[in-house]
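Student: I would like to go through this model with you and ask, for each label, what justifies it.

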Amino acid sequence: MKTKVLPVFIKRLTFLFLLLLSYVNFGQQTPVTETKSDFWNNVQFGGGLGLAIGSGFTNISVSPTAIYNFNEYVSAGAGLQYSYLKDRDFYSSSMYGGSIIGLVNPIEEFQLSVELEQLRVNLKADNSTFTDDFWNTGLFLGAGYRMDNVTIGARYNVLFVEDKGVYGDAFMPFVRVFF
C-alpha cells in the first residue's frame with residue numbers, strides 16, 4: 001500500500017510545483033502595452049487638380065502626392081500624375097506616371113526640393129496617322145517660401161532639352177499644399 005501512495009504523492013507534488021512555477025512565471029509578468037505607431041501622424045497628403053476648357057481646347061490633370069515627415073526639417077514622398085490634353089482638329093495627348101520627392105526645410109519659412117518625375121506620353125495628331133509614344137524624365141530642383149502647409153516657389157528641370165519632351169521651359173512656378 002505504501003508503494004502506491006508514494007507515486008501518487010510525487011505526481012501531486014510535481015503537479016503543484018508546475019502550477020506554482022507557471023504562476024510565478026506568468027503571474028509576475030507586467031502587462032503588455034500596445035505601442036501605437038506614429039507613422040500616420042507623420043504623413044501628409046496633397047497634390048494638384050487642373051481643369052482648363054476653352055474653344056476647342058481641354059486640359060484635365062490630377063496629381064495626388066503623399067509625403068512622410070521624418071522630422072521638422074526633412075520629408076520625402078511619392079506622387080502619381082495623369083493629364084489629358086485635347087486641342088480640337090490638331091492633336092490629343094495623355095500623360096501618366098509618377099514621381100518621388102524630397103523636401104528640406106533648413107528654416108521654417110524656406111523649403112528646398114528635389115523631385116524625379118517619370119511620365120509616359122501618348123500623342124496623336126487628329127488629321128493624320130501620326131502618333132508618338134515616349135517616356136519623359138524630369139529632375140527638378142526647387143526652392144520656395146513656406147507658410148504652414150503651403151509653399152510657393154519655382155523649380156528648375158536640370159534634364160530639360162529645348163523642343164524635346166513635354167515641357168516648354170526649364171523653369172516652372174509651383175504652389176504646393178499638404179494637409
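Student: Why does Thr65 count as buried?

Tutor: Buried means under 20% relative accessible area, exposed means over 50%, and partly exposed lies in between, with a 1.4 Å probe and protein chains only; Thr65 has 19% relative accessibility, so Thr65 counts as buried. Please keep in mind that this is a predicted model, in which local features need pLDDT of at least 70, side-chain atom pairs count only at pLDDT 80 or more, and totals for chains, interfaces and linings use all residues. Residues are numbered from 1 along each chain as its sequence is written, and side-chain values use heavy atoms, with hydrogens and water left out.

Student: Where is Thr65 placed, and what does Thr65 touch?

Tutor: Thr65 belongs to strand E2 (residues 57–69), where a strand is a DSSP run of E with at least two residues, a helix is a run of H or I with at least four, and both are numbered from the N terminus. Contact means heavy atoms within 4.5 Å, and, not counting residues up to four places away in sequence, Thr65 touches Gln44, Phe45, Gly46, Gly47, Ala78, Gly79 and Phe178.

Student: Why is Val150 called partly exposed?

Tutor: The relative accessible area of Val150 is 24%, which falls between the two cut-offs, and therefore Val150 is partly exposed. Val150 lies in strand E7 (residues 150–157) and, with residues up to four places away in sequence set aside, touches Tyr145, Val175, Arg176 and Val177.

Student: What makes the strands an open sheet, and in what order do they run?

Tutor: Two strands pair if DSSP finds at least two bridges between them. Eight strands form the open sheet in the order E1-E2-E3-E4-E5-E6-E7-E8, with antiparallel pairing, and the edge strands, E1 (43–54) and E8 (171–177), each pair on one side only. Strand E3 (residues 74–87) and strand E4 (residues 91–107), for instance, pair over 14 bridges, which means that they satisfy the requirement of at least two. Within this pair, Tyr84 has Ser94 in E4 as its bridge partner.

Student: How do you know that Lys86 and Asp126 form a salt bridge?

Tutor: A salt bridge is a side-chain nitrogen of Lys or Arg within 4 Å of a carboxyl oxygen of Asp or Glu; the N to O distance for Lys86 and Asp126 is 2.8 Å, so the pair qualifies. This pair links distant parts of the chain, with Lys86 in strand E3 and Asp126 in the loop between strand E5 (110–125) and strand E6 (131–147), 40 residues apart. Lys86 is partly exposed at 23% relative accessible area, and Asp126 is partly exposed at 24%.

Student: How many salt bridges does a search of the whole structure find?

Tutor: The search finds two. Glu115 and Arg155 also meet in a salt bridge, at 2.8 Å from N to O; Glu115 sits in strand E5 and Arg155 in strand E7, 40 residues apart, and both residues are buried.

Student: Which residues make up the largest nonpolar core?

Tutor: A nonpolar core is a set of buried Ala, Val, Leu, Ile, Met, Phe, Trp, Tyr and Cys residues joined through side-chain atoms within 4.5 Å. The largest one consists of six residues, Met95, Leu119, Val121, Phe140, Tyr167 and Met172. Val121, leaving aside neighbours within four places in sequence, is in contact with residues including Met95, Ser94 and Val166.
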